[in-house]
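Got your viewer open? Here's a walk through the structure, one selection at a time.

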Amino acid sequence: MTKTTSPVDYGAYPDARGHFGEFGGRFVSETLISALDELQEMYQRLKNDPEFQAAFDYDLAHYVGRPSPLYLAERLTADAGGARIWLKREDLNHTGAHKVNNTVGQALLAKHSGKSRVIAETGAGQHGVATATVAARLGLKCAVYMGAEDVKRQSPNVYRMKLLGAEVIPVESGSKTLKDAMNEAMRDWVTNVDDTFYIIGTVAGPHPYPQLVRDFNSVIGREARRQSLEQFGQLPDALVACVGGGSNAIGLFHPFLADESVKMYGVEAGGDGIETGRHAAPLNKGIPGILHGNRTYLMEDEDGQIIETHSVSAGLDYPGVGPEHSWLKDIGRVDYVAINDDEALAAFRKLTRTEGIIPALESSHAVAYGLKLAASMRPDQNIVVNLSGRGDKDIFTVAAIDGIKV
Amino acid sequence: MVTEANRIDRRFARLRSEGRKGLVTYIVAGDGGLENTVGLMHQLVASGSDLIELGVPFSDPMAEGPVIQKGHERALEQKVSLRKCLALVKEFREKDAETPVILMGYANPIVRMGTEAFADGLKEAGADGALTVDLPAEEAGPLNDLLKARDLRNIFLLTPTTSDARIAEITRLASGFVYYVSLKGVTGAGHLDLASVHENLARIRRHTDLPLCVGFGIKDGASAKAVSADGDGAVVGSVLVSAVGESADAAAAKDRIGALVAEMRTALDT
């Protein structure tokens, strides 16, 4: 018998200081340390508190509309000609994406903290909308930082946030996209730390954010695991999810990590193609470094300056990635692949026409890889693709590519 | 115990013996033209600066307000790398063997260069220490050890939100001087609260004999004098970076920062 290495205890990560192996941690200026300590202390206390969990579960059921279905995409499966493709329908959540799982959870934390104002960064606007939504519900003041470039390309979401009563602050510094919005939100937090709760939208940032955002999104994987057993009587053979910061992917993957038979694929944005350098795929073509409070794979130049990323999808247009993904890549538990803009657009159209579901451009990356993967697998095998969001926000982008004025 | 070999220690020992306050000045390396930076550094010294913090430009300067962000962006347009910053210190040392210089910046360029290569580079260039904004005490260990082994100083930030337990922990690691951030906010902010500075410096003083310098929100001689009353010095950055940014050429930049520093020096000494 060959000797196997001892199984990884995935639940033991991050460690007490927020490290996933060499990744994660807390690389912020001193002013924020006490706020992070306070958040960590509160979260450790509440995450095992039955009352808090019950409140979270209640909101997920009655406000978000969970559980989200696990849907067998029969025509898509037939088109791919291989394994069965199941879609985890996060697009059916209130506000139209997985982001709300996390903002509902963090809003409960904000309420417990007694702070009267929440802030957020946003790329495509989905997290901004999900934050503005929970802020409206709880009567909290809300400011959302959004790169000036993204404000232009995601105008419907900007208007949605304003309708919900949030102040949308365009960020003109740096590359004017998600990373700069995050810098500016951090600066706001440093300044207003006494009365402000920062709702980070992805599994990045300083500890404990990667952990708590993961935990709140893990409802996706817990449901998918149960639904798989109920609907096809076994665990899926493979999971596929897109990775920008990586919150929908970690949410799907985490409850399956110990199931060794389940293969996992994180799909990064290949942009114009990895070989062109114009992409947003740090796990495919980046190097470990430090940004936004954690050590993780980054896209940077030879001097350690963060470089501009490129993707048709604003939500994946980020030069870093959650530290747990960096760790899962290095220990070989998850394969990180890339899908180019044109492949994602083709999948966007295919899912729309075969299933009557318009996916977000972010999620279209996962669909595109799911199609490729299915074709390489047997018809009795099962793939779960995380359909992390709906594509209504993207129809203007797609129309513009088609040369159509909507 | 203070080793007199390091220029930072020597400078603060001398200031204390003379009963004077230190003036720490910050500019961004390469801002206003890479070829002009060393000249600006000499001007800072000539006008009365005791210690120079040379800002290493970074694409994502999270702790900076708009003025210093712009300085970083101007410097990055000229591709000013960490290696170039070290070369500037070396060039500065050709004509100034006494004024302490530290590099102030963010962790990622250091990680990219290699932490040990960075420590070696500081020593070789004639720099005296480093201040890395996003390396708080819990993440600073490796760099701290490398600097210590080379008799270089590691400057830590303390803030109004730092607990007593952390002050104790950080001052155990800190060397050279301690940089007290006067307010909750980014560099260049305008809400300085002198009562809070007074109270917090007293709190910090209970834990350390290291020189205490106060920065963030210091705009002129009067505010420099006020914040350093209970400490050992004042740190000024945004007004200098703003002056460099607004100057039409190197000569004008020299004149403007010279006048600003001279005014603060006079205020501190009277």
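Before you click anything: two strands count as paired if DSSP finds at least two bridges between them. Keep in mind, too, that this is a predicted model.

**Stop 1: a covered strand.** Select residues 382-387 of chain A, which make up strand E15. Of its 6 residues, 6 are buried. In a regular strand, side chains alternate between the two faces of the sheet. Turn on the side chains here: Asn382(A), Val384(A) and Asn386(A) point one way, while Ile383(A), Val385(A) and Leu387(A) point the other.

Now add the partners. Strand E9 (residues 238-242) of chain A runs parallel to E15(A), joined to it by 3 bridges. To find one of the pairs, pick Ala238(A), whose bridge partner in E15(A) is Ile383(A). Strand E4 (residues 84-89) of chain A also pairs with E15(A) in the parallel sense, over 6 bridges. There, look for Arg89(A) opposite Leu387(A).

**Stop 2: an open sheet.** Still in chain A, show the 4 strands that line up as E7-E6-E5-E8, with parallel pairing. Which strands stand at the edges? They are E7 (167-171) and E8 of chain A; each has a single partner strand, so one side of each is left without a neighbour in the sheet. From one strand to the next, the twist averages 25 degrees.

Zoom in on E5 (residues 117-122) of chain A, which pairs with E8(A) over 3 bridges, in the parallel sense. Arg117(A) is the residue to click, with Thr196(A) of E8(A) opposite. Then bring in helix H8(A): it lies across E5, E6 (141-147), E7 and E8 of chain A and runs at about 160 degrees to E5(A).

**Stop 3: where the chains touch.** Show chain B as well. How many residues does each chain put into the contact? Chain A supplies 27 and chain B 33. On the chain A side, the elements giving two or more residues are strand E2 (23-27), helix H1 (33-47), helix H8 (178-191) and E12 of chain A. H8(A), the helix from the previous stop, gives the most to that side, with 6 residues. Colour the chain A side by class and you get 9 nonpolar, 11 polar and 7 charged residues.

**Stop 4: backbone oddities.** Most residues other than glycine have a negative phi, and most peptide bonds are trans. Here are some exceptions to check against your own torsion readout.

- Arg66(A) to Pro67(A): the peptide bond is cis, with omega near 0 degrees. Pro67(A) sits in the loop between helix H2 (50-64) and strand E3 (70-72) of chain A.
- His207(A) to Pro208(A): another cis bond, with omega about 15 degrees. Find Pro208(A) in the loop between strand E8 (196-198) and helix H9 (209-217) of chain A.
- His292(A): phi is near 50 degrees. This residue falls in the loop between strands E12 (287-291) and E13 (293-298) of chain A, and counts as buried because it has 28 C-beta neighbours inside 10 Å.
- Phe216(B): phi is near 80 degrees. Look in the loop between strand E8 (212-215) and helix H10 (221-228) of chain B. Phe216(B) has 27 C-beta neighbours inside 10 Å, so this one is buried as well.

**Last stop: a long ruler.** Select Glu51(A), in helix H2 of chain A. Buried or exposed? Exposed, because Glu51(A) has 8 C-beta neighbours inside 10 Å. Draw a C-alpha to C-alpha distance from Glu51(A) to Asn284(A) and you should read 41 Å, for two residues that are 233 apart in sequence.

Methods. Residues numbered from 1 in each chain as written. Chains lettered and ligands numbered in written order. Predicted model: local features only at pLDDT ≥ 70, side-chain atom pairs only at ≥ 80, totals over all residues. Buried ≥ 20, exposed ≤ 12 C-beta atoms within 10 Å, placed from the backbone. Contact = placed C-beta atoms within 7 Å. Nonpolar A, V, L, I, M, F, W, Y, C, P; charged D, E, K, R; others polar. Axes fitted to C-alpha atoms, helices over the stretch in contact; angles between N-to-C directions.
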